[in-house]
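Here are my comments on the model you sent, set out as numbered points that can be followed alongside the coordinates.

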Amino acid sequence: MNKMSIRKDDTVIVLSGKDKGKQGKVLNVLPKESKVVVEGVNVVSRHTKPRKQGDQGGIIKKEAPIYACKVQKVCPKCNKPTRIGHKVEGDKKVRICKKCGAEI
Ligand SMILES: [Zn+2]
């Protein structure tokens with residue numbers, strides 16, 4: 001159960017948490033943890049130490065994974081956040097938008 005319908009490169013909207021309402025592209029999907037990494041969402045800063053003398057060190061900003069259930073795909077056709085339906089066409093399964101019925 002709880003199969004992930006979100007895929008890499010999908011545009012998703014965040015439904016809850018501090019980034020609620022933000023939209024971004026899925027950079028990575030972690031099916032085992034039911035998590036996704038979304039561009040610009042849940043960004044954490046990490047300070048890096050200078051590796052050698054004279055080196056500045058700095059802050060690396062990186063997206064941390066969030067639970068996939070906290071995001072919803074934005075349909076590229078009707079531009080609305082939507083649940084994903086599935087349809088079998090021949091021997092392949094396609095994803096469809098529950099709002100407008102477009103193949104997504
Ligand atoms: Zn749609």
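**Notes on the predicted model**

1. Asp 9 lies in the segment before β1, and although Asp 9 is not a glycine, this residue has a positive phi of about 80°. Please keep in mind, here and in the points below, that this is a predicted model.

2. The sheet is best described as a whole before its parts. Six strands make up an open sheet with antiparallel pairing, and their order across the sheet is β6-β3-β2-β1-β7-β8. The edges are formed by β6 (66-67) and β8, each of which pairs on one side only.

3. Strand β1, which covers residues 11-14, is joined by 3 bridges to strand β2 (residues 23-30), and the two run antiparallel. Two pairs of residues can be used to trace this pairing on the screen: Thr 11 has Lys 25 of β2 as its bridge partner, while Ile 13 stands opposite Gln 23 in β2.

4. Strand β1 is also joined to strand β7 (residues 71-74), again in the antiparallel sense and by 3 bridges. Within this pairing, Val 12 has Lys 73 of β7 as its bridge partner.

5. The pairing of β2 with β3 is antiparallel and runs over 4 bridges, with Lys 35 in β3 as the bridge partner of Leu 30. These two strands form a hairpin with 4 residues between them, and in the turn Ser 34 has a positive phi of about 55°.

6. Where does Asn 42 sit, and what does it touch? Asn 42 is found in the loop between β3 (35-38) and β4 (43-48). Its relative accessibility is 17%, and Asn 42 therefore counts as buried, since the cut-off for that class is under 20% relative accessible area. When its neighbours within four places in sequence are left aside, the contacts of Asn 42 are with Lys 18 and Asp 19, and with Lys 62, Glu 63, Ala 64, Pro 65 and Ile 66.

7. Which residues hold the zinc ion? Its protein donors are the SG atoms of Cys 75, Cys 78, Cys 97 and Cys 100, and they lie 2.2 to 2.3 Å from the ion. Along the chain these donors follow the spacing C-x2-C-x18-C-x2-C. The site is tetrahedral, with angles of 104 to 114° among the 4 donor atoms; for comparison, the ideal angle for four tetrahedral donors is 109.5 degrees.

8. The cysteines deserve a comment on their accessibility. Cys 75, a donor to the zinc ion, has 0% relative accessibility and so counts as buried. Cys 78, also a donor, is partly exposed, because its relative accessible area is 22% and the partly exposed class lies between the 20% and 50% cut-offs. Cys 69, by contrast, has 65% relative accessibility and thus counts as exposed. The structure holds 0 disulfides, a disulfide being a covalent bond between the sulfur atoms of two cysteines.

9. Asn 79 belongs to the loop between β7 and β8 (81-82). Like the other residue noted for this feature in the first point, Asn 79 is not a glycine and yet has a positive phi, here of about 65°. Its relative accessible area is 58%, and Asn 79 is therefore exposed.

10. How is the protein divided into domains? Domain 1 takes in 1-51 + 59-73, whereas domain 2 takes in 75-104. The contact between the two takes 8 residues from domain 1 and 11 residues from domain 2, and their C-alpha centres lie 22 Å apart.

Note on methods. Residues are numbered from 1 along each chain as its sequence is written. This is a predicted model: local features need pLDDT of at least 70, side-chain atom pairs count only at pLDDT 80 or more; totals for chains, interfaces and linings use all residues. Side-chain values use heavy atoms; hydrogens and water are left out. A disulfide is a pair of cysteine sulfur atoms within 2.5 Å. Buried means under 20% relative accessible area, exposed over 50%, partly exposed in between (1.4 Å probe, protein chains only). Donors are N, O and S atoms within 2.8 Å of the metal (3.2 Å for Na, K and Ca); water is not among the atoms, so sites may look incomplete. Four donors count as tetrahedral if all angles lie between 85 and 135 degrees; four count as square planar and six as octahedral if opposite donors are over 155 degrees apart and all others between 65 and 115; anything else is irregular. Contact means heavy atoms within 4.5 Å. Two strands pair if DSSP finds at least two bridges between them. Domain bounds come from an automatic or database domain assignment.
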